[in-house]
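Biologist: I have a sequence and a model on my screen. Can you walk me through the fold and the contacts that hold my interest?

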Amino acid sequence: MVWDTKVGGKEYLTEAAELIRRGEVVAFPTETVYGLGANALDEKAVEKIYIAKNRPKDNPFIVHVTDLDNAEKAAFVTDEAARLFAKFSPGPLTVVLKKKECVPYIVTAGLETVGIRIPSHPLCREFLALCDRPVAAPSANVSKRVSPTEAEYVYEDMKGRIPLILDGGRCDVGIESTVISLAGEVPTILRPGIITAEELAEVLGRVKTHTGEVKVAQAPGMKYRHYAPTVPCMLYRNPVDAMNYYDEEVKNGKHPVIFARSANKTLFGDRNTVDMGCDGKEIAHNIFHLLRYYEKKNDAILIEALSETGEEGAVMNRIEKSCDGKYLS
Ligand code: TXA
Ligand code: MG
């Protein structure tokens, strides 16, 4: 099926919810990135997300609900989970819990657990309330591509593939939610995000970060190249390496671009340099937009390596994947 994809804001809310109730797929804004949603309780509808996204079937989807009561319809919400939701929701946190029977295995990639998220974006909340059922949604990009933070970027990937993109403006957070699993013995962070391990440990006492071997659905981002721009991307630790590489490229008639923290931008003289932002939060807000924007203008993107922990660590997790782990020198 080829759709004449519509894009619009609030005026499309009713239609968006109707499409979901009818078993179709709709892209919608959240505070993190745009999601590609379908009725989480309808297997056939969820199947359509896989098709639109071209996604491997061993990646589970996050289930989006408006509040704790609705979370309880889809998952067994433990005391620990309730404390996390009380502190961080609505907001950019996904909690993996034992699923209830109503959630089909197509949503969880065959797992007995389900990731639950209560988003804070106002238009998203109105949309979920009108849908009146849990909405399963991955990020609204074609599999492996950079997650979209604006309706325009969703359109690039989803044009013709879905009937409607609900436009809620530029996403505030800019990278996907922190995913924490409470399904095992020790709370474990499966994907870092803007809510950090330290903040979660304050509520839970202890959390583990996922460093072990990669298993099905543990952290799919590690299994496949992810967040991949259409041009080569490389990380640099030393600005001199970036400048040498850049100058060589220019000599060969190429048009590279350097992404640097605000504080380091001036190091690069008159080379084509982009300010990523001054701290982890700001860089998170900007990074996916910058990747989508500059891949269209340049042949190569050189990205300053960030710290491995806290908010910067969450961004690092994404850009290392964009660069496929490649560093200059
Ligand atoms: O911010 C976000 O989380 C966005 C917005 C749309 O809500 N969604 C998103 O979905 O990033 P997606 O599909 O791109 O990433 C979902 C992540 C994956 O890393 C997946 O493995 C993990 O959540 N996940 C979901 N359910 C899980 C489960 N039952 N067990 C382990 N990991 C799970
Ligand atoms: Mg994704």
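Biologist: Start with the four-strand sheet. In what order do its strands lie?

Modeller: This is a predicted model. The sheet is open, and its pairing is parallel. Strand 12 (233-236) and strand 14 (273-275) are the edges, each pairing on one side only. Neighbouring strands are turned by 25 degrees against each other on average, direction ignored. The order is 12-15-13-14.

Biologist: Which residue stands opposite Val257?

Modeller: Strand 13 (residues 256-260) and strand 15 (residues 300-304) run parallel, joined by four bridges. The partner of Val257 lies in strand 15. That residue is Ile301.

Biologist: At what angle does helix 9 run to strand 13?

Modeller: Helix 9 covers residues 239-251. This helix lies across strand 12, strand 13 and strand 15. Its angle to strand 13 is about 165 degrees.

Biologist: Now the sheet of eleven strands. Which are its edge strands?

Modeller: This sheet is open too, with mixed pairing. The order is 1-8-2-3-7-4-6-5-9-10-11. An edge strand pairs on one side only, which fits the two ends of that order: strand 1 (6-8) and strand 11 (208-209).

Biologist: What is the bridge partner of Val63 in strand 6?

Modeller: Strand 4 (residues 62-64) runs parallel to strand 6 (residues 113-117). Three bridges join the two strands. The partner of Val63 is Ile116.

Biologist: Which strands does helix 4 touch?

Modeller: Two helices to look at here. Helix 2 (residues 43-53) packs on the sheet against strand 3 (35-39) and strand 7 (135-137), at about 155 degrees to strand 3. Helix 4 (residues 79-88) also packs on the sheet, its direction making about 165 degrees with that of strand 5. Helix 4 touches strand 5 (93-98), strand 6 and strand 9 (178-181).

Biologist: How is the chain divided, and how many Å separate the domain centres?

Modeller: Domain 1 spans 6-209 and domain 2 spans 233-322. Between them, 25 residues of domain 1 are in contact with 19 residues of domain 2. Taken over C-alpha atoms, the centres are separated by 29 Å.

Biologist: How much area is buried between domain 1 and domain 2?

Modeller: Carbon and sulfur atoms give 53% of that area. The polar side shows up as 14 residue pairs in polar contact, both residues at pLDDT 80 or more. Helix 7 (residues 151-158) gives the largest share of the domain 1 side, three residues. The buried area is about 1700 Å².

Biologist: How many salt bridges are there between domain 1 and domain 2?

Modeller: The whole structure has 16 salt bridges. Arg145 forms one with Glu295, the closest N and O atoms being 2.9 Å apart. The count between the two domains is five.

Biologist: Which residue does Arg117 meet in a salt bridge?

Modeller: Arg117 sits in strand 6. Its partner is 86 residues apart, in the loop between strand 2 (26-28) and strand 3. The N to O distance is 2.9 Å. The partner is Glu31.

Biologist: Any odd backbone spots? Which residues does the cis peptide bond join?

Modeller: Look at the loop between helix 4 and strand 5, where Pro90 lies. Omega there is about -5 degrees. The bond joins Ser89 and Pro90.

Biologist: What is the phi of Asp132?

Modeller: Asp132 lies in the loop between helix 6 (122-131) and strand 7. Asp132 is not a glycine, yet its phi is positive. The value is about 60 degrees.

Definitions and conventions
Residues numbered from 1 in each chain as written. Chains lettered and ligands numbered in written order. Predicted model: local features only at pLDDT ≥ 70, side-chain atom pairs only at ≥ 80, totals over all residues. Heavy atoms only, no water. Pairing = 2+ DSSP bridges. Contact = heavy atoms within 4.5 Å. Axes fitted to C-alpha atoms, helices over the stretch in contact; angles between N-to-C directions. Domains from an automatic or database assignment. Buried area = accessible area lost by both parts, 1.4 Å probe. Salt bridge = Lys/Arg side-chain N within 4 Å of Asp/Glu carboxyl O. Polar contact = N/O pair within 3.5 Å; in protein donor to acceptor, adjacent residues only side chain to side chain.
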